Amino acid sequence: MSFGANRILVYVLFILVLSSGTALSQGNTRPLHVQELAPGLFVHQGVHALMNAENAGAIANVGFIVGNEAVAVIDTGGSNSQGEALLAAVAEKTDKPIRYVILTHVHPDHIFGSAAFLRRNVAFVGHVRLKEAMEARFAHYLAANRPEMGSHLDGVELVLPDMTVTDSLTLDLGGRSILLNAWPPAHTDNDLTVFDPASGTLFSGDLVFLEHLPSIDGSLRGWQRALDGLAAIPATRVVPGHGPIDSPWPAALEPERRYFDALARDLKAAIDKGIPISEAVTSAGLSEAGHWRLFDTFNRRNATAGYAELEWE
């Protein structure tokens with residue numbers, strides 16, 4: 001065999017080894033467990049907890065919708081490993097390409113898995129204010145979660161949206177169109193919802209929490225107003241940002257409405273009586289304590305944000 005032929009043989013063997021190594025690496029990623037709620041609509045339900053090494057950041061509900069030509073992924077999870085597992089779940093369920101990765105808002109449990117979808121010719125889609133929020137907060141989120149998450153945050157990258165939604169946007173997956181809506185400040189100032197008319201399913205992002213106490217990072221009053229707009233969406237089921245993934249619509253809004261009404265009522269009463277914020281936040285909303293998981297983690301911060309907003313009314 002000539003020297004040139006030897007070089008070609010070595011090159012071919014190198015490519016084969018490299019390819020098999022890549023396949024093995026992909027094969028070692030266990031697909032994220034997803035449920036098919038309707039034909040071509042798959043969801044993974046997160047756990048009720050804060051992000052930590054034990055849950056690898058998989059605390060939010062994430063999913064994907066399959067059309068005749070392409071796939072839309074909705075949120076990518078709380079770590080690069082969850083993003084890779086979600087990517088593997090898509091590959092397990094369909095051979096259609098991912099065309100869109102939709103990010104419902106800025107919080108890390110919804111965006112930290114995005115790097116897994118880079119270099120795959122996908123468009124990252126978000127609220128028109130998402131890019132600014134991500135640039136302002138991403139480094140802080142990464143540093144703040146590192147002590148609990150450790151190596152699970154390895155590989156996490158800032159992946160900014162390259163398509164934005166100011167009001168509404170329809171995306172075509174081939175014989176299946178989905179409607180995206182951008183919302184005024186509520187849970188955050190960059191909330192986005194995804195409605196799939198084919199199945200009557202609304203992916204609400206964190207505009208809807210069930211079982212897990214809502215967390216206010218935008219506007220209490222804005223969120224109360226958003227509930228009426230959300231209720232008008234002609235869905236039959238909702239996939240909330242946190243909580244049971246196949247919940248009836250719009251009945252799923254009622255626990256959240258009840259909590260916000262109680263919190264606002266208690267805060268307004270305290271403000272009217274001149275009770276300082278340091279005292280008011282210890283009691284506002286406590287009538288709801290028995291109805292929610294993680295109540296002690298989030299209620300006081302909700303009350304603090306709500307007090308600062310309502311005292312100017």
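## Sheets, cores and a buried histidine

In S4, Val 71 is the residue that bridges to Val 66. That pair is a handy way into this predicted model, since it sits where two strands meet: S3 (residues 62-66) and S4 (residues 71-74) run antiparallel and share four bridges.

Zoom out a little and you find the sheet these strands belong to. It is open, has seven strands in the order S1-S2-S3-S4-S5-S6-S7, and mixes its pairing. Strand S1 (35-38) and strand S7 (163-165) are the edge strands with a single partner each, so one side of each has no neighbour in the sheet. On average, neighbouring strands here are turned by 25° against each other, direction ignored. Helix H2 (residues 80-93) packs on this sheet, where it touches strand S2 (41-44), S3, S4 and strand S5 (98-102). The direction of H2 makes about 30° with that of S3.

Further along the chain come more antiparallel pairs. Strand S8 (residues 168-172) is joined to strand S9 (residues 177-182) by five bridges, and Ser 168 faces Asn 181 of S9. The hairpin of S8 and S9 has four residues between the strands, and Gly 174 takes a positive phi near 90° there. S9 also pairs with strand S10 (residues 192-196), again antiparallel, over four bridges. Look for Leu 180 and you'll see that its bridge partner in S10 is Val 194.

Here are the three strand pairs side by side:

| Strand pair | Sense | Bridges |
|---|---|---|
| S3 (residues 62-66) and S4 (residues 71-74) | antiparallel | four |
| S8 (residues 168-172) and S9 (residues 177-182) | antiparallel | five |
| S9 and S10 (residues 192-196) | antiparallel | four |

Now for the insides. The largest nonpolar core has 37 residues, and the members touching the most others are Leu 220, Trp 223, Leu 230, Ile 233, Trp 249, Leu 263 and Leu 267. Strand S11 (201-209), helix H5 (220-231), helix H6 (254-272) and helix H8 (295-310) each put in at least two residues. H6 gives the largest share of this core, with seven residues. Take Leu 230 as a sample: leaving out residues up to four places away in sequence, Leu 230 touches Trp 183, Thr 193, Leu 207, Trp 249 and Leu 253. There is also a second, separate core of 34 residues, with Val 106, Phe 124, Met 134 and Val 159 among them.

One residue worth a look on its own is His 110, which lies in helix H3 (residues 108-111). Is His 110 buried or exposed? Its relative accessibility is 0%, and since buried means under 20%, His 110 counts as buried. Setting aside residues up to four places away in sequence, His 110 touches Ala 60, Asp 75, Thr 76, Gly 77, Leu 103, Thr 104, His 105, Asp 206, Gly 241 and His 242.

Finally, the whole protein. Its secondary structure adds up to eight helices and 13 strands. The radius of gyration is 22 Å, close to the 20 Å that the globule rule gives for 313 residues, so the protein is as compact as a globular protein of that length. The C-alpha trace spans about 95 × 45 × 30 Å along its principal axes. Of the 313 residues, 52% count as buried. Among contacts between residues at least 6 apart in sequence, 69% join residues at least 24 apart. The exposed area is about 14,100 Å², and carbon and sulfur atoms supply 54% of it.

Technical notes:
Residues are numbered from 1 along each chain as its sequence is written. This is a predicted model: local features need pLDDT of at least 70, side-chain atom pairs count only at pLDDT 80 or more; totals for chains, interfaces and linings use all residues. Side-chain values use heavy atoms; hydrogens and water are left out. Two strands pair if DSSP finds at least two bridges between them. Axes are lines fitted to C-alpha atoms, for helices over the stretch in contact, and angles run from 0 to 180 degrees between N-to-C directions. Contact means heavy atoms within 4.5 Å. A nonpolar core is a set of buried Ala, Val, Leu, Ile, Met, Phe, Trp, Tyr and Cys residues joined through side-chain atoms within 4.5 Å. Buried means under 20% relative accessible area, exposed over 50%, partly exposed in between (1.4 Å probe, protein chains only). The radius of gyration is taken over C-alpha atoms; the globule rule is 2.2 Å times the number of residues to the power 0.38. Accessible areas come from the Shrake-Rupley method with a 1.4 Å probe; for residues, only the protein chains shown count as cover.
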